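User: I am new to protein structures. Can you show me how to read one, feature by feature?

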Amino acid sequence: GLDRGDLNKMVSDALGLYPRICKSLSDIVFQKTKGNPFFVLEFIESLQSRGLLQYDSCQKRWVWNTDTIRAEEITDNVLHLLSTKLNQLSNEIQLLLKVMACFGTCTNESVIGYLSESPEYAGVRNGLEGAISEGFVELNAEGSFKFVHDKVREAAYNLTPDRDKKQLHYNLGKTLYSICEGKDVGNTIFLIASQINHGKEFIETDDTLRIPVAKLNMEAGKKALDGCDHKM
């Protein structure tokens, strides 16, 4: 993250003011965001959009009320701003974000590849490129894709209404299972089992999957135990 000096310079450059003039603002932004670059930009934008950071045409400079901004709760404001932004993205990017949010913080490229083979999720690869371009997802050191911040993942997960979340998890698991059945997919088996189990009530009405899912869970459990044995 940014230290206080770097953040002060960043705010100074953004507002076109001397660092000493905007130090009171940058100190509050640092306190609220802990120097996280993504949150810094989102928080400043949220201040401007709600009129807490305004351009004064008489003074010909940006002005703000330090006490008012200090009292702001960043989490709710940034989540609202993120939700608004995500809802304005293309359908493919939104689909990718919804899918990744179901999987957690990180998603392996192989999983994106498997899903893109299905008609229902064919757009996820293009969506991934868009999500990276928009700054919501990045490639990490391990070679998988991750949300740039937990709050982005939270906002992405909220793109799916609560009543539909279990169904989405189940559909993802079912789709991955149908594509990966009979293949050695390594640890992806845990992801498939987890997604299907999120919607376990749907298994009861799906005769075609009841026995395969039971076998899948047994296989995932055995693989987990084998992993533990190797570590002992």
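Analyst: Let us begin with the inventory. The protein chain holds 13 helices and 5 strands. Keep in mind that this is a predicted model.

User: How do I read the overall shape? What radius of gyration does the protein chain have?

Analyst: Set the value beside a reference. The protein chain has a radius of gyration of 22 Å. A compact globule of 232 residues would have one near 17 Å. Next, look at the spans. Along its principal axes, the C-alpha trace covers about 70 × 40 × 30 Å.

User: What share of the residues counts as buried?

Analyst: Of the 232 residues, 42% count as buried. Contacts add another view. Take the contacts with a separation of 6 or more: 64% of them join residues 24 or more positions apart.

User: Now the interior. How do I read a nonpolar core?

Analyst: Start with the general idea. In soluble globular proteins, nonpolar side chains tend to be buried together. Now this case. The largest nonpolar core has 67 residues. Leu25, Leu97, Phe103, Leu115, Phe136 and Val137 have the most contacts inside it. Helix α6, residues 91-103, supplies the largest share of this core, 8 residues.

User: Which residues does Phe136 touch, leaving out those up to four places away in sequence?

Analyst: Leaving those out, its partners include Phe38, Leu82, Leu86, Leu89 and Leu97. Further along the sequence, Phe136 also touches Phe147, Val148 and Val152. Two lysines are on the list as well, Lys85 and Lys146.

User: Helix α6 came up. Is Asn91, which is in that helix, buried or exposed?

Analyst: Asn91 sits in helix α6. Its relative accessible area is 68%, so Asn91 is exposed. Now compare sequence and space. Asn91 and Gly123 are 32 residues apart in sequence, and their C-alpha atoms are 8.7 Å apart.

User: Where is Thr205, and how far is Thr205 from Asn126?

Analyst: Thr205 is in the loop between α12 (200-203) and α13. Thr205 has a relative accessible area of 68%, so it counts as exposed. In sequence, Thr205 and Asn126 are 79 residues apart. In space, the distance is 33 Å from C-alpha to C-alpha.

User: Let me try a strand. How do Cys106 and Thr107 sit?

Analyst: Strand β3 covers residues 106-107, and Cys106 lies in it. Thr107 lies in β3 too. Now check accessibility. Cys106 has a relative accessible area of 37%, so it is partly exposed. Thr107 has 3%, which means it is buried, the cut-off being under 20%.

User: What do Cys106 and Thr107 touch, again leaving out residues up to four places away in sequence?

Analyst: Cys106 touches Asn140, Ser144, Phe145 and Lys146. Thr107 touches Met100, Ile112, Ser144 and Phe145. Ser144 and Phe145 therefore appear in both lists, where contact means heavy atoms within 4.5 Å. For a distance, take Cys106 and Lys165. They are 59 residues apart in sequence and 18 Å apart in space, C-alpha to C-alpha.

User: What about backbone angles? Which value does phi of Lys34 have?

Analyst: Look at the sign, and at the type of residue. Phi of Lys34 is near 60°, a positive value in a residue other than glycine. Lys34 is in the loop between α2 (23-33) and α3 (37-49). Lys34 counts as exposed because its relative accessibility is 64%.

User: Where is Lys60, and what is its phi?

Analyst: Lys60 is in the loop between β1 (53-56) and β2 (61-64). Phi of Lys60 is near 60°, again positive in a residue other than glycine. Lys60 has a relative accessible area of 63%, so it is exposed.

User: Last, how do I read a pocket?

Analyst: The idea is simple. Rolling a probe the size of a water molecule over the atoms shows where empty space is left. Here, the largest pocket holds about 260 Å³ of space. Three elements give two or more residues to its lining: α10 (162-180), α11 (188-198) and α13 (207-231).

User: Which element gives the most to that lining, and what kinds of residues make up the lining?

Analyst: Helix α13 gives the most, with 5 residues. The lining has 15 residues, and Cys180, Lys183, Ile189, Leu216 and Glu219 lie nearest the centre of the pocket. By kind, the lining has 7 nonpolar, 2 polar and 6 charged residues.

Terms used
Residues numbered from 1 in each chain as written. Predicted model: local features only at pLDDT ≥ 70, side-chain atom pairs only at ≥ 80, totals over all residues. Heavy atoms only, no water. 1 Å grid on protein atoms, 1.4 Å probe; cavity = no way out; pocket = protein on both sides within 12 Å on 5 of 7 lines; lining within 4 Å. Points joined across faces, edges and corners; volume = space filled by probe spheres on them. Helix = DSSP H or I, 4+ residues; strand = E, 2+ residues; numbered from the N terminus. Nonpolar A, V, L, I, M, F, W, Y, C, P; charged D, E, K, R; others polar. Core = buried A, V, L, I, M, F, W, Y, C linked by side-chain atoms within 4.5 Å. Buried < 20%, exposed > 50% of the residue type's maximum accessible area, 1.4 Å probe, protein only. Rg over C-alpha atoms; globule rule 2.2 N^0.38 Å.
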